Amino acid sequence: MPPNFDRSCGELTVKSSRDGNDANINWDALGFCFTQTDYMYIMKCSSKEKFSDGIITSYGNIDLNPSSGVLNYGQGLFEGLKVYRRKDGGIQLFRPEKNALRMQTGAMRLCMPSPSVEQFVNAVKQVALANKRWVPPHGKGSLYIRPLLFGSGSVLGIGPAPGYTFMIFASPIGNFYKGRESLNLLIEDKLHRACPGGTGGIKSIANYAGVFETVSHAKAKGFSDVLFLDAVYGKYIEEVSSCNIFIVKGDIVSTPATQGTILPGITRESIIKLGRELGYQVQERDIPVEDLTNADEVFCTGTAMVVTPVGSITYQDTRMEYKTGEESVSHKLHTMLTGIQTGVIEDQFEWILPVD
């Protein structure tokens, strides 16, 4: 899940030539901003076919018919995952098969064919290897991989497109959470991110623009992001605009249950597992907004932000503050997860896929 902010985008010095093994870039200046890399992946099929072989090609613009399904009816999905640099210089992926399976679920919901898990993972590996020089040094960030699946065939009447494109591009990004920063959230109690029976539980491209206005207003007031409530009762916390949320009370770690309106985050699933490994009682449940008043900690999880603490949440002009820092549960989980992702901690769960 990408964060809805572009802090610390900075000015980056990028080598335009593809000669050499390393990108000429100031890795310390990376934020969550797009930096063009060398290659991307494209694979196409019709609605009556299955995806077959794709190609690695130079990064660049694509031709898209004005009557394509994605432009007219929003028939599209995206995923996000990272390539990490180990201390020995090698690179690796974190649970890419989970992204492939989630894309298949979303494709079924939007009436699209989808790549097989093997095709998806193989394509991601090809993009990672082709853009290896753009993977930041160990500890400096990661190469963000963005797979896309969309209706590229022409359609006028409302319905599925006759042709589809699966493509992947990549961009280096920095580490959002550096042990010092925390989020300050605003609870939105009038507008809703997702409704039962909708597409809140898949990574539809249409899910995100609907929160831009709300998030922009919150940022103008000094908040980092917005926490949304459920659309039925308006009293249960669900999701931040682009990430999952957890609360901590004593030894109990709780996160809203995914029931079709909340994206089943891969980082979320991993943190549930790691929390239990560390001895915490991790619950997936409906969480009334009132539970935030006596929580010890709150943190968010997502591909881009990994595990990021929440310093405060404001609800109807009441500001609630939470524990952060090195002794917090979120810091322990962040250290454990990133250790596995970067090869510092042994992977006991078979989550890591070496690329080279």
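Trainee: Which residues touch the most other members of the largest nonpolar core?

Mentor: Keep in mind that this is a predicted model. The core has 36 residues, and E1 (39-46), E4 (81-85), E5 (91-94), H2 (96-109), H3 (117-130), E6 (142-151) and E7 (163-173) each supply at least two of them. The ones touching the most other members are Leu77, Val83, Ile145, Leu149, Phe166 and Ile168.

Trainee: And which element gives the largest share of this core?

Mentor: Both helices and strands feed into it, H2 and E6 among them. The largest share is six residues, and they come from H3.

Trainee: What is Leu77 in contact with, leaving aside neighbours within four places in sequence?

Mentor: Part of the list is Met103, Gly106 and Ala107, and H2 spans 96-109. Pro147, Leu148 and Leu149 are also in contact with Leu77, and E6 covers 142-151. The rest of the list is Leu110, Met112, Ile202, Lys203, Ser204 and Ile205.

Trainee: How many residues are in the other core?

Mentor: That core lies apart from the one we've been discussing. Its members include Leu229, Ile247, Ala295 and Met305, and the count is 23 residues.

Trainee: Are H2 and H3 parallel or oblique?

Mentor: Their axes come within 9 Å and cross at roughly 130 degrees. An angle over 145 would count as roughly antiparallel, and 65 to 115 as roughly perpendicular. The angle falls in neither range, so H2 is, relative to H3, oblique.

Trainee: Which residues of H3 does H2 meet?

Mentor: H2 passes H3 in a right-handed crossing. From H2, the residues involved are Pro96, Glu97, Asn99, Ala100, Leu101, Met103 and Gln104. By class, the contact has seven nonpolar, two polar and one charged residues. On the H3 side, H2 meets Val117, Phe120 and Val121.

Trainee: Is Ser142 buried or exposed?

Mentor: Ser142 sits in strand E6 and touches Lys82, Val83, Tyr84, Pro136, Ser171, Pro172 and Ile173, skipping residues up to four places away in sequence. Its relative accessibility is 2%. The cut-off is under 20%, so Ser142 counts as buried.

Trainee: What about Lys140, is it buried or partly exposed?

Mentor: Lys140 is in the loop between H3 and E6. Beyond residues up to four places away in sequence, Lys140 touches Trp27, Asp28, Ile173, Gly174 and Asn175. With 35% relative accessibility, Lys140 counts as partly exposed.

Trainee: What separation do the C-alpha atoms of Lys140 and Lys235 have?

Mentor: Along the chain these two are 95 residues apart. In space, their C-alpha atoms are separated by 40 Å.

Note on methods:
Residues numbered from 1 in each chain as written. Predicted model: local features only at pLDDT ≥ 70, side-chain atom pairs only at ≥ 80, totals over all residues. Heavy atoms only, no water. Core = buried A, V, L, I, M, F, W, Y, C linked by side-chain atoms within 4.5 Å. Buried < 20%, exposed > 50% of the residue type's maximum accessible area, 1.4 Å probe, protein only. Helix = DSSP H or I, 4+ residues; strand = E, 2+ residues; numbered from the N terminus. Contact = heavy atoms within 4.5 Å. Axes fitted to C-alpha atoms, helices over the stretch in contact; angles between N-to-C directions. Parallel < 35°, antiparallel > 145°, perpendicular 65-115°, else oblique. Left-handed = near helix turned anticlockwise from the far one by under 90°. Nonpolar A, V, L, I, M, F, W, Y, C, P; charged D, E, K, R; others polar.
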